[in-house]
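Reader: Please take a close look at one helix of this model and its packing partners. I would like the cut-offs stated along with the values.

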Amino acid sequence: MAEELPQLIEEVVAAEQAEDDSTAVIEELIASQDVEEIALLLESLPLEKRLKVWASVPNRKKLDVLVQMRADPRETLIAETDESSWTRIFEDIDAEDLLEIADSLPQQLLSTALLVMDKQQRQYFQNANQYNDEQIGHWMRQDVLLLPNNAKVRDGMRLARREIETHTDTIFLL
């Protein structure tokens, strides 16, 4: 991914310099990229080019790209995005994504995102927001796995292997 970034930047800059339908070329380049690559690309471009490329990112990818970006370039893109686009951008937002970008969002957009979320996700967000950024409760996932009272350890292990992501390093049992 990182090795391809300079080439991607060159292709975007070259497409922009070729004045004939650069938007279509940029859209085609972005369509084949992961959201992490798009985020790195946007962070690497000067402001004017960043805004032009951002306009070419499909709405369905914009939220994931914002989550992957650092705060400063993210805030610039948020400020320049048309207010009418936010409902479509926030369409599939969940509490974890909103926690990642909440500090960059103006209060009005934060309210819009909360309105779009379902009740459970809103509750997760509000619970997590009771903690500071430095506390584990702010970033902890809210998923709960339940076992019946008569379950055996092997049942719990089976459920954990099936439901918990492989990079999990700690599980709290209650």
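Author: What follows is an account of helix α4 and its contacts, after a short view of the whole chain. The model is predicted, so local features need pLDDT of at least 70 and side-chain atom pairs count only at pLDDT 80 or more, while totals for chains, interfaces and linings use all residues. Residues are numbered from 1 along each chain as its sequence is written, and side-chain values use heavy atoms, with hydrogens and water left out.

The chain has 12 helices and zero strands; helices (H or I, at least four residues) and strands (E, at least two) are DSSP runs, numbered from the N terminus. At 20 Å, the radius of gyration is well over the 16 Å that the globule rule gives for 174 residues, so the chain is more spread out than a compact globule. That radius is taken over C-alpha atoms, and the rule is 2.2 Å times the number of residues to the power 0.38. Along the principal axes, the C-alpha atoms fill a box of roughly 70 × 35 × 25 Å.

Helix α4 covers residues 47-56, and its axis comes within 8 Å of that of α3 (residues 35-44), crossing at roughly 150 degrees. Axes are lines fitted to C-alpha atoms, for helices over the stretch in contact, and angles run from 0 to 180 degrees between N-to-C directions. The two helices are therefore roughly antiparallel, the word for angles over 145 degrees. L41, L42 and E43 of α3 meet R50, V53 and W54 of α4, where contact means heavy atoms within 4.5 Å.

The axis of α2 (residues 22-31) comes within 9 Å of that of α4, at roughly 70 degrees. That makes α2 roughly perpendicular to α4, a term for 65 to 115 degrees. On the α4 side, this contact uses K52, V53 and S56; on the α2 side, S22, T23, I26, E27 and I30.

W54 also has K62 over its face, at 4.9 Å from the ring centre; the rule asks for NZ of Lys or CZ of Arg within 6 Å of the centre and within 35 degrees of the ring normal.

Technical notes:
Angles under 35 degrees count as roughly parallel, over 145 as roughly antiparallel, 65 to 115 as roughly perpendicular and the rest as oblique.
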